[in-house]
Amino acid sequence: MRDLYQRLGVSPQANDEELQHAVARCPNSALRQDAKAVFEVPKHRESYNQTLTTLSDIGQLRARLGLTHGAHWQGDVANDFSLPADQAVSRHDELVDRVSQAVVLYNRLRGLRGIWLLIVTFIVGTGIGVGLGFTLSQTLAA
Amino acid sequence: MSIARFSPFELLLLKSRSQVDTAKLLLLAWVLVHRQHVSEGQRRRRLAQVSVHFRHGHDLAPIIHIAQQQDLKAIQLAAEVLRKECSKEHSLGVMHQAITVATDSGELSLANHYILRFLADLLNVAPLTLNTLFQELTGSPLAAPEDPSRDAYWRIHDADYYAQKAREAETAQQQAREAQEKAERQERERQQEEAERAHAKAQAEAERERNRQQEQTRRQEQRERKKRQQQESQEGAKQRNSYQRASSPPPPDRTTRALAVLGLMPGASQVEVRKAYRRMAQLHHPDRFYTESEHQIALASARFQRIKSAYDYLMHTYR
């Protein structure tokens with residue numbers, strides 16, 4: 001399948017008027033006829049757009065997984081959607097990194113627990129003491 | 001130190017009893033989501049049926065939800081997990097499941113054509129192996145996917161639209177024919193009238209001729225008289241009358257000029273412009289003059305450039 005938007009030089013979000021203009025200006029008569037068949041009827045365009053989304057998603061996936069030139073995509077299967085391989089990180093490695101990071105954080109939290117408990121009881125104790133003193137002084141003044 | 005939140009699929013993967021099975025489940029759900037003419041409930045049941053032997057151990061609804069959103073990150077993660085952990089035999093099994101889920105004695109949808117090919121690439125299944133597997137499972141060879149970016153596809157899949165268009169064209173043609181007949185009839189009537197009028201005119205003409213001769217003689221006399229008067233009254237005086245300039249036609253704007261280059265009148269339609277451009281371009285293309293002298297070729301290419309720029313300009317303005 002071809003990416004007609006790319007070939008006509010318009011964005012996939014273009015409105016009908018822009019599309020019609022682009023179609024009318026297209027110098028290739030065969031492409032013009034195809035584009036007319038797809039874009040003149042809203043139903044056709046919608047269904048075409050769905051396939052286009054799936055295909056461009058797969059194209060991105062192939063680029064990220066290093067499958068741009070896979071055996072099934074040679075010839076003219078979907079050449080418009082074969083992107084150059086990008087250097088994105090592997091999602092799996094990223095996940096493993098994040099999990100290990102989370103584990104380290106958790107362990108540190110566990111290790112600090114004893115100290116934190118002490119600090120918290122101290123703060124609560126002083127808070128109660130100050131509160132009691134304040135109320136006592138209030139009643140005495142009265 | 002803050003960590004980005006784990007996405008729903010990452011959480012599922014971490015909680016799952018077998019990461020490969022969860023990854024497989026997501027990819028199968030992705031295939032299922034792109035099957036057509038199947039209800040939501042059927043999809044869910046089919047996925048449950050496929051995943052009986054999976055050691056996923058969680059609810060299927062979130063997986064289906066992720067697949068429906070077509071979450072690229074999740075699908076990429078699943079693909080990576082699958083690629084990392086699948087052996088050769090195992091990957092054929094996955095391919096097998098994907099094909100059955102995608103077809104189930106129904107037709108392979110367009111999106112699934114591509115998804116299956118993607119999965120085959122991912123699992124290192126050669127095109128030939130995929131074809132054989134597909135033929136064994138469905139009884140028909142894996143055809144090349146249809147191309148909805150072509151006119152021919154819609155002629156097959158939306159024949160109604162084309163039939164309607166043909167009908168409309170026919171009625172338009174008929175109307176045009178009727179209009180033409182009417183015009184011809186009017187033309188004939190007009191000609192008849194004109195003939196009658198011409199007859200009457202011829203009679204009137206003779207009368208007028210006589211009148212004109214009388215008029216002319218009278219006017220000449222008047223003019224001579226006037227001349228004499230003028231000569232008498234303005235003999236040395238300068239004439240201060242400024243000449244009234246004849247009103248020239250408005251300067252042709254760029255569109256008109258461009259149309260003139262293509263040999264068209266102002267107000268020509270886009271179709272006419274395109275036709276004229278084709279004809280002129282063929283006529284003046286420099287390649288036609290390659291047997292002639294350099295000078296001829298240079299002239300032709302200059303003409304061709306002029307025609308082309310006129311056409312480009314017109315195509316820009318016709319919005």
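## A tour of chains A and B

Start at the interface: select the 39 residues of chain B that are in contact with 38 residues of chain A. Keep in mind throughout that this is a predicted model. Which helices of chain B should you colour here? Helix H1 (8-15), helix H5 (72-85), helix H7 (110-122) and helix H9 (151-157) each supply at least two residues of the side that touches chain A. Colour that side of chain B by class and you will find 23 nonpolar, five polar and eleven charged residues.

**Stop two: chain B as a whole**

Now show chain B as a cartoon. Its secondary structure comes to 13 helices and zero strands. Of the 319 residues in chain B, 24% count as buried. If you like contact maps, take the contacts in chain B between residues at least 6 apart in sequence: 66% of them join residues at least 24 apart.

**Stop three: the cores**

Next, select B:Leu26, B:Leu28, B:Ala29, B:Ala78, B:Ala98 and B:Leu119, the residues with the most contacts inside the largest nonpolar core, which has 66 residues. Helix H2 (residues 19-33) of chain B gives this core its largest share, eleven residues. Zoom in on B:Ala29 and look for what it touches: leaving aside residues up to four places away in sequence, these are B:Leu47, B:Ile63, B:Ile64 and B:Ala67. Apart from the largest core lies another, of twelve residues, including B:Leu259, B:Met280, B:Ile307 and B:Leu314.

**Stop four: two backbone oddities**

Most residues other than glycine have a negative phi. Where does B:Gln70 sit? Look in the loop between helix H4 (61-69) and H5 of chain B. The phi of B:Gln70 is near 55°, a positive value in a residue that is not glycine. B:Gln70 has 15 other C-beta atoms within 10 Å, so it counts as partly exposed.

Move on to B:Asn124, in the loop between H7 and helix H8 (127-138) of chain B. B:Asn124 also has a positive phi, of about 60°, although it is not a glycine. Is B:Asn124 buried or partly exposed? It counts as partly exposed because it has 14 C-beta neighbours inside 10 Å, while a buried residue needs 20 or more.

**Last stop: over to chain A**

Finally, select residues 115-136 of chain A, where an unreviewed UniProt entry places the feature "transmembrane region". Over this stretch of chain A the model is 100% helix and 0% strand. Pick the C-alpha atoms at the two ends of residues 115-136 and you will find them 32 Å apart.

Technical notes
Residues are numbered from 1 along each chain as its sequence is written. Chains are lettered from A and ligands numbered from 1 in the order in which they are written. This is a predicted model: local features need pLDDT of at least 70, side-chain atom pairs count only at pLDDT 80 or more; totals for chains, interfaces and linings use all residues. Two residues are in contact if their C-beta atoms, placed from the backbone, lie within 7 Å. Helices (H or I, at least four residues) and strands (E, at least two) are DSSP runs, numbered from the N terminus. Ala, Val, Leu, Ile, Met, Phe, Trp, Tyr, Cys and Pro count as nonpolar, Asp, Glu, Lys and Arg as charged, and the others, Gly among them, as polar. A nonpolar core is a set of buried Ala, Val, Leu, Ile, Met, Phe, Trp, Tyr and Cys residues joined through C-beta atoms within 7 Å. UniProt positions are given in the numbering used here, feature names are shortened, and annotations may be inferred rather than shown by experiment.
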